[in-house]
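Hi everyone, thanks for having me. I'd like to walk you through one structure today, taking it a piece at a time. Let me put it up on the screen.

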Amino acid sequence: MARVDHLDAIELRVFDDMTVEVALSIMAGAGVEHLLLCDGDDERTGSVTRAELAVHRGSSGYTDRVRLRDVLGAPRPVITPLPFSL
């Protein structure tokens, strides 16, 4: 099965109560560099990159129970994917 090259154009949305471990796993599996974050009302609250999560994962205070909203704090700007064209 061939990898789909346009996955970065798909908006992968996750809830901000997801753990960093699960978010990193989703990013790796989907081959994307960022996720859009949503609150409990499914409203976009920001975005997070794989690199940002890797920094937190490597910190001394990190545990596998840390949630996205815990490491990101205040709402962040949303990264919008680039338009996809053939």
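Here is a question to start with: at what angle do α1 and helix α2 pack, and how far apart are their axes? Keep in mind as you look that this is a predicted model. The answer is an angle of about 140°, with the two axes 10 Å apart. Helix α1 covers residues 20-30, and α2 covers residues 50-57. Their crossing is left-handed. On the α1 side, the contact is made by V20, E21, A23, L24, M27 and A28, and on the α2 side by R50, L53 and R57. Sorted by class, that contact has 6 nonpolar residues, 3 charged ones and no polar ones.

Now let's step back to the whole chain. The protein chain has 3 helices and 3 strands. Read from the N terminus, the order of the elements is β-α-β-β-α-α. There are 86 residues in the chain, and 29% of them count as buried. If you take the contacts with a separation of 6 or more, 59% of them come from residues 24 or more positions apart.

Next, the strands, and I'd like to begin with β2. How many of the residues of β2 are buried? The strand runs over residues 34-38, and 5 of its 5 residues are buried. Look at which way they point: H34, L36 and C38 go one way, while L35 and L37 go the other. Both groups are buried.

Strand β2 has a partner in β1, residues 13-15, and the two pair in the parallel sense over 3 bridges. To find your place there, look for R13, which stands opposite L36 in β2. Put helix α1 together with these two strands and you have a right-handed β-α-β unit.

β2 also pairs with β3, residues 44-49; here the strands run antiparallel and 5 bridges join them. In this pairing, L37 stands opposite G46 in β3. The two strands form a hairpin with 5 residues between them.

One residue in that hairpin deserves a stop, and that is D42. It sits in the loop between β2 and β3. What is the phi of D42 near? It is near 65°, a positive value in a residue other than glycine. As a rule, most residues other than glycine have a negative phi. As for its surroundings, D42 counts as partly exposed because its relative accessibility is 42%.

Let's finish in the loop between β1 and α1, with two residues. One of them is D17, and another is T19. Is T19 buried or exposed? T19 counts as buried, because its relative accessibility is 14% and the cut-off for buried is under 20%. D17 has 36% relative accessibility, so it counts as partly exposed.

Both residues touch parts of the chain far along in the numbering. Leaving out residues up to four places away in sequence, T19 touches D64, R65, V66, R67 and L68. With the same neighbours left out, D17 touches R67 and R69. The C-alpha atoms of D17 and R67 are separated by 5.4 Å, although these residues are 50 residues apart along the chain.

That's my tour, and I'm happy to take questions.

How values were computed: Residues numbered from 1 in each chain as written. Predicted model: local features only at pLDDT ≥ 70, side-chain atom pairs only at ≥ 80, totals over all residues. Heavy atoms only, no water. Buried < 20%, exposed > 50% of the residue type's maximum accessible area, 1.4 Å probe, protein only. Helix = DSSP H or I, 4+ residues; strand = E, 2+ residues; numbered from the N terminus. Pairing = 2+ DSSP bridges. Right-handed = clockwise from strand over helix to strand, strands pointing away. Axes fitted to C-alpha atoms, helices over the stretch in contact; angles between N-to-C directions. Left-handed = near helix turned anticlockwise from the far one by under 90°. Contact = heavy atoms within 4.5 Å. Nonpolar A, V, L, I, M, F, W, Y, C, P; charged D, E, K, R; others polar.
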